[in-house]
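Reader: I should like to learn how to read the fold of a protein chain, step by step. May we begin with the structure itself?

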Amino acid sequence: MVRKNFNPVFGTTVHYENPNGSFADIYLYRLDTGAKAVSPAEFEQNYQETHKRILNMKNDLEGDLDVSVQEIPENIYPGAVSNDSSAVHAVSFQIKIEEEEVLSHLIMFEKNGTIVKIRMTDPLPLSETAILDNQIFLADLLKQINPEDSVQRTDKKS
């Protein structure tokens, strides 16, 4: 499903689901209605706010739900994203709401003045198939976002 909003603050959202219960949401957005390019400092602040909102998810949910969020120190997709133009943040969270437990991955970076935020979520226990499906999905998505990075580069200095 694709939802394009003409207000650049809301941007475009792309939602993917697969039959095993995993899903991914990709958000492409700017930080003001004038569609001004996002600076590195603004990107970093937006990432920090997003990270904090996930950790404080219980405060945003209505009702008396049993919610726990734990950041996982090791991301299961290390090095999955390369982007020369800005910092890339990739972090995973284990989230439990009542009896449902999921693993949620947040990947954020800036591309051409636009924030790219990827949230991939998998039900737990996580299967090897889900991990492989996510790696393929992420690699294919990043080839579309960064086609220049999908070919072997010979111009980089070691």
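The dialogue below goes from the whole chain to its sheet and then to its helices.

Author: Please note at the outset that this is a predicted model.

Reader: How many helices and strands does the chain have, and in what order do the elements run?

Author: The chain contains three helices and seven strands. Read from the N terminus, the order is β-β-β-α-α-β-β-β-β-α.

Reader: What share of the residues of the chain counts as buried?

Author: A residue is called buried when its relative accessible area is under 20%. Of the 158 residues here, 37% meet that criterion. The accessible surface comes to about 9,800 Å², and carbon and sulfur atoms contribute 52% of it.

Reader: In what order do the strands lie in the sheet?

Author: The order in a sheet has to be read separately from the order along the chain. Here the seven strands form an open sheet in the order β1-β2-β3-β7-β6-β5-β4, and the pairing is antiparallel. β1 (2-4) and β4 (67-72) are at the edges with a single partner strand each, so one side of each has no neighbour in the sheet. On average, neighbouring strands are turned by 15° against each other, direction ignored.

Reader: How many bridges join β1 to β2?

Author: Three bridges link β1 with β2 (residues 12-17), and the two strands run antiparallel. Within this pair, R3 lies opposite T13 of β2.

Reader: Which strands do the helices α1 and α3 touch?

Author: Helix α1 (residues 40-55) packs on the sheet and touches β3, β4, β5 (89-97), β6 and β7. Its direction makes about 175° with that of β6. Helix α3 also packs on the sheet, where it touches β2, β3, β6 and β7, and its direction makes about 165° with that of β7.

Reader: Which residues of α3 are buried, and why do they line one face of the helix?

Author: To answer this, one lists the buried residues and then looks down the helix axis. In α3 the buried residues are A130, I131, N134, L138, L141, L142 and I145. Seen down the axis, they fall within an arc of 100°, so they line one face of α3. These buried residues pack against β3 (23-29), β6 (100-111) and β7 (114-123). The face turned away from the buried side carries the exposed residues E128 and Q144.

Reader: How far does α3 reach from its first C-alpha to its last?

Author: Helix α3 (residues 128-145) has 18 residues and reaches 26 Å, close to the 26 Å expected at 1.5 Å a residue.

Definitions and conventions: Residues are numbered from 1 along each chain as its sequence is written. This is a predicted model: local features need pLDDT of at least 70, side-chain atom pairs count only at pLDDT 80 or more; totals for chains, interfaces and linings use all residues. Side-chain values use heavy atoms; hydrogens and water are left out. Helices (H or I, at least four residues) and strands (E, at least two) are DSSP runs, numbered from the N terminus. The expected span of a helix is 1.5 Å times one less than its number of residues. Buried means under 20% relative accessible area, exposed over 50%, partly exposed in between (1.4 Å probe, protein chains only). The arc is that of the directions from the helix axis to the C-beta atoms. Contact means heavy atoms within 4.5 Å. Accessible areas come from the Shrake-Rupley method with a 1.4 Å probe; for residues, only the protein chains shown count as cover. Two strands pair if DSSP finds at least two bridges between them. Axes are lines fitted to C-alpha atoms, for helices over the stretch in contact, and angles run from 0 to 180 degrees between N-to-C directions.
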